[in-house]
Amino acid sequence: MSLRLTILWIWKLIDPLFYSCSRLHYIYDDKNNQSVFRVRITKYKGENFTLSDGTMINRNDLLLKIHLHNVRLLNDYVRIKNDLKRARLMYKLVLNSMPLLASYLKAHPEEANIKGIIGITTINKGIRSLGFDSIPPANRLYRYIKKLGQLPISLLSSNSYKHFQKNGLTYLFLSKEKLYEKYGRNSSIK
C-alpha cells in the first residue's frame, strides 16, 4: 500500500472524531445521499466588503460556512492520476451539491439572519462559474496559517508541491440571494 493510501486510511479513521468535535452538519438529499459539503453557522470576522451582486458583508454577519468533505473527495479520486480529470470530478460533485446547499439554507431556523455562504480554499479554478466571489483574506498571518493547514490535503490530492505553492488562499463568498437564484430548485433534504 502506498504512503498516500495509508495516510488516507488513517484520516478516514480519525474523520468521525473531527466531525463530532467540529459542530459541522452533513447535508443529505431526499434519497439520503450526502453532499460534498459539511456546514456550520459562523460569524464573519474579516474586513467589510461588497459582493458582485451588491450584497454587503460586514464584520459579525452570520454566514453558512462550507467545508468540503475532503476525506470523501480524496477517497473518490485517489486513484485518478490525471489532475484535469480530478478537477472535473470535483467541479461536478460541488455543482451537484449546490442545490442541496440552497435547500439546507432555506430550511435553516436562522435563515432570515444568514447573509450567504463562506468557504476558504486554495482551489481557485471554476469558482466564478459556480457563482462564488473570491477575496483574499486581508491578514497575512491568517493566510499563512490557513494555507499551512491545507498543505496535507494538497499533497494528498496532487503530485506536486509546486501546485500548492502557486495557488493563493482565498475566501469564497456567495450571497443567499444569488445561491437561491442559481440553485434554488425544490430539493428536499434531511
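**Chatting about strand β8**

Tutor: Let's start with β8 in this predicted model. Thr170, Leu172 and Leu174 point one way from the strand, Tyr171, Phe173 and Ser175 point the other way, and all of them are buried.

Student: Why do side chains in a strand alternate like that?

Tutor: Because in a regular strand the side chains alternate between the two faces of the sheet.

Student: OK, and is β8 as a whole mostly covered or mostly open?

Tutor: Mostly covered. β8 spans residues 170–175, and six of its six residues are buried.

Student: Which strands does β8 pair with, then?

Tutor: One is β6, residues 114–121, which is joined to β8 by six bridges and runs antiparallel to it. Another is β7, residues 133–135, which pairs with β8 over three bridges, also in the antiparallel sense.

Student: Which residues in β8 stand opposite Thr121 and Ser134?

Tutor: Thr121 stands opposite Thr170, and Ser134 stands opposite Leu172.

Student: Switching topic! How many helices and strands does the chain have?

Tutor: Six helices and eight strands.

Student: And what order do they come in?

Tutor: Starting at the N terminus, the order is α-β-β-β-β-β-α-α-β-β-α-α-β-α.

Student: How much of the chain is buried?

Tutor: The chain has 190 residues, and 43% of them count as buried.

Student: What about the exposed surface, how big is that and what supplies it?

Tutor: About 11,100 Å² is exposed, with 56% of that coming from carbon and sulfur atoms.

Student: Last one: how many of the contacts join residues at least 24 apart?

Tutor: Taking contacts between residues at least 6 apart in sequence, 72% join residues at least 24 apart.

Terms used: Residues are numbered from 1 along each chain as its sequence is written. This is a predicted model: local features need pLDDT of at least 70, side-chain atom pairs count only at pLDDT 80 or more; totals for chains, interfaces and linings use all residues. Side-chain values use heavy atoms; hydrogens and water are left out. Helices (H or I, at least four residues) and strands (E, at least two) are DSSP runs, numbered from the N terminus. Buried means under 20% relative accessible area, exposed over 50%, partly exposed in between (1.4 Å probe, protein chains only). Contact means heavy atoms within 4.5 Å. Accessible areas come from the Shrake-Rupley method with a 1.4 Å probe; for residues, only the protein chains shown count as cover. Two strands pair if DSSP finds at least two bridges between them.
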